[in-house]
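Q: Could you walk me through reading a ligand site and one helix residue?

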Amino acid sequence: MDLKDHIRCIPDFPKAGINFYDISTLLAHPDAWQVAMGRLAKQVAPHAPDVLAGIESRGFLVAAPLALKLGCGFTMVRKAGKLPGPTVRHDYELEYGHDAVEIQTDMVEAGQRVLVLDDLIATGGTMGATVDLFGKVGAEVVGAAGIVELSFLGARKHMEARGVAVHSLVAYDS
Ligand code: AMP
């Protein structure tokens, strides 16, 4: 099965010049979604993660079913101010301005192996910040994965230079 057949490209969303890769059509197709989760599970299982971390918000849709499949814990990486209780925060720079991500302090233990998931890996900025965030609690990010990778943006090179293996199911190189 070619998963690209189930991922919709919406030109000029959310602004002119951006091709938005929409996984709604993949999620809506139960067979294609099963295949996607099966392939991703095969790619990431060798990292023997303890915890799968989903990046808000579409990363939750990928990480939660995969965690169930692999028998791992699942935890949320959210924008600042959304998670209750004690949290750890990491601020990072964007092309214009800055942003911050948070996790709940007690959701991961020092030394645990974390695998980070999102629907799509673009510049890898959010994933890079997430690696720093888990580093603050002493956890080790052993890999990062997404359904889609925009390979022309070079996130893979940056992540691998930091010792984080990158996996994706489909890639677009322009
Ligand atoms: P980045 O931090 O640049 O890797 O951005 C990744 C985040 O932005 C992911 O959470 C994606 O859901 C979203 N994103 C960025 N570019 C696109 C795109 N072309 N199509 C769909 N989602 C995108």
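A: Happy to! A polar contact is a pair of N or O atoms within 3.5 Å; within protein, one must be able to donate a hydrogen and the other to accept it, and residues adjacent in sequence count only if both atoms are side-chain atoms. Here, a backbone N or O atom of A122 lies 3.0 Å from an oxygen atom of the ligand.
This is a predicted model, where local features need pLDDT of at least 70, side-chain atom pairs count only at pLDDT 80 or more, and totals for chains, interfaces and linings use all residues. Residues are numbered from 1 along each chain as its sequence is written, and side-chain values use heavy atoms, leaving out hydrogens and water.

Q: Which ligand atom does the backbone of Y21 approach, and at what distance?
A: A backbone N or O atom of Y21 is 3.0 Å from a nitrogen atom of the ligand. For G124, a polar backbone atom lies 2.7 Å from an oxygen atom of the ligand.

Q: How many residues surround the ligand?
A: A residue is near a molecule if one of its heavy atoms lies within 4 Å of it. The ligand has 13 residues around it, and the closest are R58, D119, T123, G124 and T126.

Q: Is P65 buried or exposed?
A: Buried means under 20% relative accessible area, exposed over 50%, partly exposed in between (1.4 Å probe, protein chains only). P65 is partly exposed, because its relative accessible area is 28%.

Q: How far is P65 from M37?
A: The two are 28 residues apart in sequence and 7.7 Å apart in space, C-alpha to C-alpha.
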